[in-house]
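Welcome to a short tour of a structure that may be new to you. Take a moment to look over the chain and its fold before reading on.

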Amino acid sequence: SYYNNALEIDPTYAPAELGKAETMRMSGNFPAFFASLGNIVENPTVVPNMKGNYLKLILENMNPKFWWVWGDQFTRLVDRAVELHPSDVESRLSKITICSIRRDTVALLDHCGVLASISRERKDTANLLMSLSTIADINHQQGKKKEAYRMYDNILKIKPCIAVRNGKMGVARKYRGKFEAVLEQYINDQLADPDSVSGDHVFVTHAGCDPTTVEQCVNAVKQ
């Protein structure tokens with residue numbers, strides 16, 4: 001074929017290898033398809049994101065019968081892609097999906113943790129929330145409900161207001177949003193409650209907040 005001719009001239013020519021892989025896949029020649037797919041994964045001239053996107057596309061369109069026969073071989077290629085390109089999000093997402101299919105919670109927690117770190121660094125909110133919520137779901141399923149709820153609150157940006165009621169400390173209210181906006185809501189709620197404040201003295205206490213934030217709170221009280 002023309003793909004083979006191109007690869008004879010340049011064995012690392014990625015477009016020809018990709019075209020050959022797709023031809024083999026669509027014709028049902030899966031041993032040859034996986035051979036070409038392996039070459040793509042190992043090819044240093046192919047950008048990691050392209051490898052990851054192609055693997056993810058294959059996985060998303062894989063039916064149960066195909067997975068039953070070729071799942072192990074496909075998993076090895078995904079593992080290799082993650083090994084070669086640990087910061088590639090798409091390959092990592094494919095690995096997370098495989099861990100979910102196989103119900104390997106230990107590996108799933110590990111890969112979600114790595115993805116969360118990558119996503120946080122890149123400010124990738126969608127994948128950060130997905131990875132954190134998956135970790136929280138697993139904690140909840142394993143009976144670690146306090147840890148799960150803490151993570152859910154963090155994901156939803158919930159800021160609990162801790163108060164003492166009847167001699168017991170607990171959550172009085174839950175605020176949602178950015179820290180500075182939540183502080184203003186909290187101050188307004190406290191000042192609106194006649195049982196919460198004294199008309200003579202008001203203390204603004206904090207545990208190492210930024211001076212600008214402290215000043216903002218003091219001004220909110222004065223107003």
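Let us begin with a pair of charged side chains: E22 and R25 meet in a salt bridge, with N and O 2.8 Å apart. Please keep in mind that this is a predicted model. Both partners belong to helix α2, where they sit three residues apart, about one turn of the helix. How accessible are the two? E22 counts as partly exposed because its relative accessibility is 22%, between the 20% and 50% cut-offs. R25 is partly exposed as well, with a relative accessible area of 32%.

**Other salt bridges**

The model has a count of eight salt bridges. Three of them are set out here, with the separation of the closest N and O atoms.

| Pair | N to O distance | Helices |
|---|---|---|
| E22 and R25 | 2.8 Å | both in α2 |
| K56 and E90 | 3.9 Å | α4 and α6 |
| E83 and R80 | 3.3 Å | both in α5 |

The bridge between K56 and E90 has its closest N and O atoms 3.9 Å apart. K56 lies in helix α4 and E90 in helix α6 (residues 89-101), so this pair ties together parts that are 34 residues apart in sequence. The two ends fall into separate classes of accessibility: K56 is partly exposed at 25%, while E90 is buried, with a relative accessible area of 16%. Which residues does K56 touch, leaving out those up to four places away in sequence? They are E90, L93 and S94. For another view of where K56 sits, take N29: the two are 27 residues apart in sequence, and their C-alpha atoms are 20 Å apart in space.

The bridge between E83 and R80 stays inside one helix, α5, and its partners are three residues apart, about one turn of the helix. E83 is exposed, with a relative accessible area of 59%, and R80 is partly exposed at 27%. This pair also has company, since E42, R80 and E83 are linked in a network of salt bridges.

**The nonpolar cores**

Now turn to the nonpolar side chains. The largest nonpolar core has 21 residues, and F33, F34, L37 and F74 are those with the most contacts inside it. Which helices supply at least two residues each to this core? They are α2 (14-27), α3 (30-42), α4 (48-60) and α5 (64-84). The most comes from α5, which gives eight residues.

F33 is a good residue to pick out in the viewer. Not counting residues up to four places away in sequence, F33 touches A21, M24, R25, Y54 and I58. One of these contacts, R25, is already familiar as the salt-bridge partner of E22.

Apart from this core lies another one, of 17 residues, including V89, I96, I135 and M151. M151 is also among the buried residues of α9, which are A148, M151, D153 and I155.

**A pocket**

Next, look at the second largest pocket, which holds about 180 Å³ of space. Its lining is made up of S119, R120, K123, D124, T125, L128, L129, L132, N154, I155 and K157. Three helices give two or more residues to that lining: α7 (105-122), α8 (125-141) and α9 (145-155). The most comes from α8, with four residues.

What classes of residue line this pocket? There are four nonpolar, three polar and four charged residues. I155, one of the lining residues, is buried in α9. K157, also part of the lining, comes just after α9 and takes a positive phi of about 55°.

**A residue in a loop**

Our last stop is N43, placed in the loop between α3 and α4. Is N43 buried or exposed? N43 is buried, because its relative accessible area is 6%, under the 20% cut-off. If neighbours within four places in sequence are left aside, N43 is in contact with T12, A14 and K51.

**Looking back**

To revisit the tour in the viewer, start with the bridge in α2 between E22 and R25. Then move to K56 and E90, whose bridge ties α4 to α6. From there, find F33 in the largest nonpolar core, and finish at the pocket to which α8 gives the most lining residues.

Terms used: Residues numbered from 1 in each chain as written. Predicted model: local features only at pLDDT ≥ 70, side-chain atom pairs only at ≥ 80, totals over all residues. Heavy atoms only, no water. Core = buried A, V, L, I, M, F, W, Y, C linked by side-chain atoms within 4.5 Å. Buried < 20%, exposed > 50% of the residue type's maximum accessible area, 1.4 Å probe, protein only. Contact = heavy atoms within 4.5 Å. 1 Å grid on protein atoms, 1.4 Å probe; cavity = no way out; pocket = protein on both sides within 12 Å on 5 of 7 lines; lining within 4 Å. Points joined across faces, edges and corners; volume = space filled by probe spheres on them. Nonpolar A, V, L, I, M, F, W, Y, C, P; charged D, E, K, R; others polar. Salt bridge = Lys/Arg side-chain N within 4 Å of Asp/Glu carboxyl O.
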